[in-house]
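Reader: I'd like to go through this one label by label. For each term, tell me the cut-off and then how the value sits against it.

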Amino acid sequence: MQYYVDLNSDIGEGFGSYTMGMDDEIIKHVTSINLACGWHAGDPIIMEKTVKMAKEYGVNVGAHPGYPDLIGFGRRKMAVSPADAKAYVLYQTGALMAFTKANGIKLQHMKMHGALYNTACADEAMANAIIDGMEALDKDIILMVLSGSQIAKAAKARGLRVSEEVFADRGYNEDGSLVNRALPGAFVKDLKDAVPRVIRMVKEGKVTTADGKDIDIKADSICVHGDNPKAIEFVKGIRAGLEEAGIKIEAIENFVK
């Protein structure tokens, strides 16, 4: 049996003169990027530069909208109505679509950032509002969302293309959510642990939680965070490990139905 998986990273998360992550290097080793759209990070100049860089390397581009929270990097939960969340996602995705269209490439997917991602993956009303927006904008845009989440199930039920995402460098709770960044077990810091873990996610559909329990998981795309100090080491090592295990690394556009 041939296994396929996408390798993605959140990049373009600097702002003005401030640099975040190692975008110029990490983009060489992934198949898809999630590009900040200016609300939690990023700006028009960074967006333009990163789209051009993705085109040069043949890497597929996704929008990475977040809450309007530059100072908190979009990781603080906000009291936002489903209708407002829908508008936030449409606004930011549309902004990035201007850059992809101007550079002659197609926007592959949309993946929310931080607290917006976590809330939309668990809150049914917000999930459906965001799906409404993406359905109206372009049904061909793939929704990249947390594996097994509320929004993944709802989008699939409505016939949208969904990429279920797993995390190489984050810990899992028993319900499939990510361990809070402030708690023990939130991060996988050793590549020797990360590589067999992601191979198992792809081939067996299983992951061991921070509490030591096995849960089901579906891995269409693996995220390695670009702001991880070991991001380059991680993405190169994970890619090599996946390929050695016979797993074909492709952009989700090529295999997600």
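Author: Let's start with Cys37: the closest cysteine sulfur to its own is in Cys223, 15 Å away, and that is too far for a bond. A disulfide here is a pair of cysteine sulfur atoms within 2.5 Å. Before you ask, this is a predicted model, where local features need pLDDT of at least 70, side-chain atom pairs count only at pLDDT 80 or more, and totals for chains, interfaces and linings use all residues. Residues are numbered from 1 along each chain as its sequence is written, and side-chain values use heavy atoms, with hydrogens and water left out.

Reader: What makes Cys223 unbonded too?

Author: Its closest cysteine sulfur is in Cys121, 12 Å off, so the distance is too far for a bond. By this rule the disulfide count is zero.

Reader: Why is Cys37 called buried?

Author: Buried means under 20% relative accessible area, exposed means over 50%, and partly exposed is in between (1.4 Å probe, protein chains only). Cys37 has 7% relative accessibility, so it counts as buried. Cys223 comes in at 0%, so the word buried applies there as well.

Reader: Why is the protein called as compact as a globular protein of its length?

Author: The radius of gyration is taken over C-alpha atoms, and the globule rule is 2.2 Å times the number of residues to the power 0.38. For 257 residues that rule gives 18 Å, and the protein has 17 Å, which is close, so the label holds. The C-alpha trace spans about 40 × 40 × 35 Å along its principal axes, and 54% of the residues count as buried.

Reader: How many helices and strands are there, and what makes a stretch count as one?

Author: Eight helices and ten strands. They are DSSP runs, numbered from the N terminus: H or I of at least four residues for a helix, E of at least two for a strand.

Reader: What share of the contacts is between residues far apart in sequence?

Author: Contact means heavy atoms within 4.5 Å. Among contacts with a separation of 6 or more, 72% come from residues 24 or more positions apart.

Reader: Lys111 next: what makes it buried or exposed?

Author: Its relative accessibility is 2%, so Lys111 counts as buried. You'll find Lys111 in the loop between β4 (107-110) and α4 (114-122). Beyond residues up to four places away in sequence, Lys111 touches a list including Asp10, His64, Tyr117, Glu165 and Cys223.

Reader: And which residues of α4 are buried?

Author: Ala115, Leu116, Tyr117, Thr119, Ala120 and Cys121. Those buried residues pack against α3 (82-102), α5 (124-137), β5 (142-146), α6 (150-157) and β6 (162-167).

Reader: Glu164 carries a charge in the model's bookkeeping; why is it called buried?

Author: The relative accessible area of Glu164 is 8%, so the residue is buried. Glu164 is in strand β6, and its C-alpha is 4.4 Å from that of Ser147, 17 residues apart along the chain. Leaving aside neighbours within four places in sequence, the contacts of Glu164 include Lys156, Lys218 and Asp220.

Reader: Where is Lys55, and what is it called: buried, partly exposed or exposed?

Author: Lys55 is in helix α2 (residues 44-57). With a relative accessible area of 47%, Lys55 is partly exposed. Apart from neighbours within four places in sequence, Lys55 is in contact with Asn103 and Ile105. The C-alpha atoms of Lys55 and Gly104 are 8.8 Å apart, with the two positions 49 residues apart in sequence.

Reader: What makes the phi of Phe73 worth a remark?

Author: Most residues other than glycine have a negative phi. Phe73 has a positive phi, near 55 degrees, and is not a glycine. Phe73 is in the loop between β3 (60-64) and α3, and at 13% relative accessibility it counts as buried.

Reader: Last one: how do you know that Thr209 is buried rather than exposed?

Author: Its relative accessible area is 7%, so Thr209 is buried. Thr209 is in the loop between β7 (206-208) and β8 (214-216). Not counting residues up to four places away in sequence, Thr209 touches Tyr172, Asn173, Glu174 and Ile215.
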